[in-house]
Amino acid sequence: MSDAILEVKNLKKYFNTPGGVLHAVDDVSFTLEKGRILGVVGESGCGKSTMGRAILRLHEPTSGEVNFEGRDITKISAEEMRKLRSDMQIIFQDPFASLNPRKSVSELIGEPLRLHKIYKSKAEREQHVLELMEVVGLAERLANSYPHELDGGRRQRIGIARALALNPKFIVCDEPVSALDVSIQAQILNLLKKLKRERGLTYMFITHDLSVVNYFSDEIMVMYLGRMVEYAPSEELFKNPVHPYTRALLSAIPVPRLRSKRERILLKGEITSPINPKPGCRFAPRCAYAKECCFKDSPELRDLGGGHKVACHFSQEFFKG
């Protein structure tokens with residue numbers, strides 16, 4: 001029996017714009033096992049957040065399958081999806097923008113419990129809210145505070161408590177630490193790891209920071225303009241990056257040693273438009289290794305072994321495994 005909690009097949013999400021059809025997520029497929037953390041990285045605008053929302057049906061997918069515990073949730077009704085929300089949750093990037101400023105901390109955390117009618121009495125709900133606050137490290141004295149009275153770290157803890165309220169199995173973490181100070185980032189990441197261990201959670205962790213994703217994830221997916229260009233176990237990706245785009249991203253990570261030198265790969269050329277994209281590799285205009293075939297044919301995702309997959313015409317030449 002498969003341990004997969006999530007299986008995504010040929011997922012696409014397109015948006016109609018005045019200039020044409022924007023291919024935000026284009027033919028992405030992957031499998032995520034229970035209790036694992038998948039890191040999704042790429043530059044702003046690569047489609048990683050849109051993909052997370054499409055998987056949860058916060059954006060309706062244009063086509064493809066999203067199988068959650070063996071059930072294709074793209075084909076279920078809105079009412080069935082509402083019930084399934086207790087198993088699939090999201091932590092948003094901006095903890096201030098995602099919280100209703102008119103509600104107190106206890107009201108914000110208790111809202112999912114109230115909407116899903118988990119407890120019959122208000123007293124039971126409030127007791128569970130206090131327990132959730134303790135779990136995420138929020139002092140009980142803050143129960144009647146409002147978001148504007150708290151710092152970014154405490155606001156994000158509210159978002160995490162809301163996501164945990166219904167005891168989910170799978171959580172999309174949409175850049176949950178990018179808006180926080182570095183010291184607070186470490187606290188939130190450690191909290192998320194602790195919760196994963198204690199509750200057996202499965203995460204999709206979306207970020208643009210590869211140093212964070214290396215610390216936090218079991219597998220890493222690299223996206224570029226809506227396409228998955230590389231997928232590998234975290235250690236393997238950092239030890240043996242294959243796609244030229246992945247190599248460029250890794251070269252930008254600061255080295256915390258004065259005498260260490262890392263050759264920075266600077267990307268040149270124009271970024272391909274994701275609106276009505278032409279055939280060929282979307283990274284080709286910025287790739288130092290691009291040849292004629294790269295501009296004509298879209299590369300297929302090739303399995304290099306050991307769970308390492310790359311969408312590049314010359315992946316075998318770059319692979320050192």
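This report describes the sheets, helices and selected residues of a predicted model.

**The four-stranded sheet**

Strands pair through backbone hydrogen bonds, in either a parallel or an antiparallel sense. In the first sheet considered here, 4 strands are arranged in the order S2-S1-S4-S5 with antiparallel pairing, and the sheet is open. Strand S2 (20-33) and strand S5 (71-72) occupy the edges; each has a single partner strand, so one side of each lacks a neighbour in the sheet.

Within this sheet, S1 and S2 are joined over 11 bridges in the antiparallel sense. The two strands form a hairpin, with 2 residues between S1 and S2. In this pairing, asparagine 16 is placed opposite valine 21 of S2. At the other end of the order, strand S4 (residues 63-68) runs antiparallel to S5 and is linked to S5 by 2 bridges. Here phenylalanine 68 faces arginine 71 of S5.

**The eight-stranded sheet**

A second open sheet is formed by 8 strands in the order S6-S7-S8-S3-S9-S10-S12-S11, and its pairing is mixed. Its edges are S6 and strand S11 (301-305), each of which has a single partner strand, so one side of each is left without a neighbour in the sheet. On average, neighbouring strands of this sheet are turned by 20° against each other, direction ignored.

At one edge, S6 pairs with strand S7 (residues 170-174) in the parallel sense over 4 bridges. Isoleucine 91 is opposite cysteine 173 of S7. In a regular strand, side chains alternate between the two faces of the sheet. In strand S6 (residues 88-91), Met88 and Ile90 point one way while Gln89 and Ile91 point the other way, and all are buried.

Elsewhere in the sheet, S10 and strand S12 (residues 308-311) run antiparallel and are joined by 2 bridges. Tyrosine 231 stands opposite lysine 309 of S12.

**Methionine 228**

Strand S10 (residues 227-233) contains methionine 228. The relative accessible area of methionine 228 is 8%, which is under the 20% limit, so this residue is classed as buried. Leaving aside residues up to four places away in sequence, methionine 228 touches Val28, Ser29, Met221, Val222, Met223, Leu301 and Ala311. The C-alpha atoms of methionine 228 and cysteine 46 are separated by 9.4 Å, although the two residues are 182 residues apart along the chain.

**Helix H1 and the two sheets**

Which strands does helix H1 (residues 48-55) lie across, and at what angle does H1 run to S1? H1 lies across strand S1 (4-17), S2 and S4, and runs at about 115° to S1. In the eight-stranded sheet, H1 touches strand S3 (37-41), S6, S7, strand S8 (202-206) and strand S9 (219-224), and the direction of H1 makes about 150° with that of S8.

Of the 8 residues of H1, 6 are buried, so the helix is largely enclosed by the rest of the structure. The buried residues are Lys48, Thr50, Met51, Gly52, Ala54 and Ile55. Arginine 57 follows H1 and has a positive phi, near 65°.

**Helix H5 and its partners**

Helix H5 lies across S6 and S7, running at about 175° to S6. H5 also packs with H3 and comes within 9 Å of H4, axis to axis. Two packed helices are described by the angle between their axes and the distance between the axes. The table gives these values.

| Helix pair | Angle between axes | Axis distance |
|---|---|---|
| H4 (residues 122-136) and H5 (residues 152-164) | roughly 125° | within 9 Å |
| H3 (residues 105-115) and H5 | about 25° | 7 Å |

The axes of H4 and H5 cross at roughly 125°. This angle makes H4 oblique to H5. The crossing of H4 past H5 is right-handed. Leu132, Val135 and Val136 of H4 make the contact with Arg157, Ile160, Ala161 and Leu164 of H5. By class, this contact of H4 with H5 comprises 6 nonpolar, no polar and 1 charged residues.

H3 and H5 pack at an angle of about 25°. That angle makes H3 roughly parallel to H5. The crossing of H3 and H5 is right-handed. On the H3 side, the contact involves Val105, Leu108, Ile109, Glu111 and Pro112, and on the H5 side Ile158, Ala161 and Arg162. The residues of the contact of H3 with H5 are divided into 6 nonpolar, no polar and 2 charged. Ala161 of H5 takes part in the contact with H4 and in the contact with H3.

Note on methods: Residues numbered from 1 in each chain as written. Predicted model: local features only at pLDDT ≥ 70, side-chain atom pairs only at ≥ 80, totals over all residues. Heavy atoms only, no water. Axes fitted to C-alpha atoms, helices over the stretch in contact; angles between N-to-C directions. Parallel < 35°, antiparallel > 145°, perpendicular 65-115°, else oblique. Left-handed = near helix turned anticlockwise from the far one by under 90°. Contact = heavy atoms within 4.5 Å. Nonpolar A, V, L, I, M, F, W, Y, C, P; charged D, E, K, R; others polar. Pairing = 2+ DSSP bridges. Buried < 20%, exposed > 50% of the residue type's maximum accessible area, 1.4 Å probe, protein only.
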